[in-house]
Each structure stands twice: as C-alpha cells, then as structure tokens.
Amino acid sequence: MLVTIVLAIAIVAWGPGIGATAELPTTEIAAGVFVHSGVQEDASPANDDEIANIGFIVGNTAVAVIDPGGSYREGMELRAAIRARTGLPIRYVILTHVHPDHIFGASAFRGDHPDFIGHAKLPGALAQRGAYYLRRLHETLGDGADGSEIVPPTVLVSSRLELDLGGRKLIVRAHGPAHTDTDLSVFDLKTSTFWLSDLLFVDRIPVIDGSLLGWLDELRQVTAVPAARAVPGHGPVSVRWPQAAAPEQRYLETVAHDTRAAIKAGIDIADAYRHVAQSERGHWLLFDDYHPRNVTASYKELEWE
Ligand SMILES: [Zn+2]
C-alpha cells in the first residue's frame, strides 16, 4: 500500500511523459542562442509539424523562448532541451506570428507561467483563424496534435518592447503587414543576433499572407539594421545578414513586377501564376505548393493600384 502511494506520488511529481520526452535537437549559433532546425516540408505525421526554426535564448536570470513550435509535443521537446541546459525560469514565450507551425507548442509552457508575447494584432488573428488551424492540425497529425492549444498572448507589442534576461537585453519589434499581419522580430543585443522568424525565408519559398508591398517595405527597413547573423523562420539556423535576404527580396520584387504586368495585360487572376515569376522556379523548395497562392494574394493586393 505504502509502496503504491509512494509510486503514485512519484508519478504525479514527475508529471506525464517526463523521461519519455525527447530533447529537441538545437544548435548554439551564438553564446546562449539555441535554434532548432525545422525540416523543409509541409506538416505531416512523420515530422510532427516540426517544420519551423524555433528556439530559445538564455540570460543570467531568465530564458526566453522564440516560438514554442508546431505542436504541444514539439513544445515539450523544446522545453526538455531548455531544461537539459538550465534551470532558470522560462519567463517569456515570444509568438512571432499567427502561423500554426510556430505557436501550437505554447501550451507546453503554461506551467512555467511566462509572459506570452505577441503582436497587438495577434489576438484578432487567433480569434479569426485559431479554431481552423487547430482542426487542421488534428486532421494532419492525428494523435500527434494532442495537447496543442491556442494560447492567447498576455503581453501585446504594437511597436517595441525590451526584455531583460539578466545581463542580456532583447528588443522585440512589431512590424507592419508583411509575411502576416502579426510579425514580430527579436534582436539579441549581446550577440548581435537578429531573429527574423518568417520575415526571412531562406531556400523555402516565402509565403505571402500579409502584404507583398508591406513585406518589401519591411525588408528595406530590417536589411538596414546591422547584425552579426540572422535566424530565418525557415532555412539554415544561422545566416549572414543582410546578404541572406537577397533571394527573398528578389522573389518578392519579381512577383510584384510580373503581377502588375499580368494585371495590365488583362490576364485572369486564376491564370496569373503561370505568367508571374516563373524565373524563380528552381530557386525555391515547395515552389509549386505556394507560388500560385502567393500570386493570387498579390494580384488581389495590386489590382486596384
Ligand atoms: Zn509563417
């Protein structure tokens, strides 16, 4: 009986799955900056929606998570990776934008009671899309989606927010409509690391879900910021800055140029992608999966210019 009780207490104390939770592999790209490399695929049961670059930054007194990942499971694995390195409190979980592959791991950090930090427009975007994203996650991952939840941000950023991790300051910036309407970037002053998340795609085709012209505008601004390195939302975990933004800038500029030409030539929106930025095919992974919808979105944005 006593043995049973002790065992039961032990199980409760350890919580479910501890010991069973694998550590998400990460690379320390600069002192105290850890990034997990997302696979360059769409979400599937095989990859558990671990497709985005996510990670964490460790200061002297606290840890900040930059994107908790694509599912509760990935969030737990990220948390295990943090706990393997430090026992410091996880004080901040930054949600860089509304997309599911970046935010569904947030529920894994609830017990840490962090500030969940998001763009001022994130609550509205989650209200609009959250239920759909969650349904789709369950359809795609099956049991792999269990525990995943929409966690609304508790701290909103409309322009700029400074976070203190102890001897280490992070600058969080809210951007105008670009990749999405809810994009945040994070700058680690200590190592001059610019974490752009999905404002920067490398190798994988950029997804236009905010504003094509807005994104080009934001790119002009962020590429003027000097940094020792950048972290893209998809692509290598660390890239040269601002050189690594050049292909994305070229793609977006070509889409803008060719879409305007297609509109002027009277080409129908449904056919426009066949005439727009085909020179970019071969430069990008998942081109055929996302290029047509990028062109449709751009056409809608540019047709009333
Ligand atoms: Zn995204």
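Student: Before anything else, what counts as a pocket here, and what as a cavity?
Tutor: On a 1 Å grid over the protein atoms alone, a pocket is an open set of points with protein on both sides within 12 Å along at least five of seven lines, while a cavity is a set of points where a 1.4 Å probe fits but cannot get out, and lining residues have an atom within 4 Å of a point. Grid points are joined across faces, edges and corners, and a volume is the space filled by probe spheres set on the points. This is a predicted model, where local features need pLDDT of at least 70 and side-chain atom pairs count only at pLDDT 80 or more, though totals for chains, interfaces and linings use all residues. Residues are numbered from 1 along each chain as its sequence is written, and side-chain values use heavy atoms, with hydrogens and water left out.

Student: OK, how much space is in the largest pocket?
Tutor: The largest pocket holds about 640 Å³ of space. It is lined by 25 residues, of which His99, Pro100, Arg136, Tyr290 and Arg293 are the closest to its centre.

Student: His99 again, isn't that a zinc residue? Which atoms hold the zinc ion?
Tutor: The protein donors (N, O and S atoms within 2.8 Å of the metal, or 3.2 Å for Na, K and Ca; water is not among the atoms, so sites may look incomplete) are His97 (NE2), His99 (ND1), His179 (NE2) and Asp198 (OD), and they lie 2.1 to 2.2 Å from the zinc ion.

Student: And where do His99 and His179 sit along the chain?
Tutor: His99 is in the loop between strand 5 (90-94) and helix 3, and His179 is in the loop between strand 9 (169-174) and strand 10 (184-188), so the pair ties together parts that are 80 residues apart in sequence. Helices (H or I, at least four residues) and strands (E, at least two) are DSSP runs, numbered from the N terminus.

Student: Is His179 buried or exposed?
Tutor: His179 is buried, with a relative accessible area of 0%, and His99 also counts as buried, at 10%. Buried means under 20% relative accessible area, exposed means over 50%, and partly exposed is in between, using a 1.4 Å probe and protein chains only.

Student: Switching topic, what does Thr182 touch?
Tutor: Thr182, in the loop between strand 9 and strand 10, has contacts (heavy atoms within 4.5 Å) that include His97, His119 and Ala125, leaving aside neighbours within four places in sequence. Thr182 and Ala125 are 57 residues apart in sequence, yet 7.7 Å apart in space, C-alpha to C-alpha.
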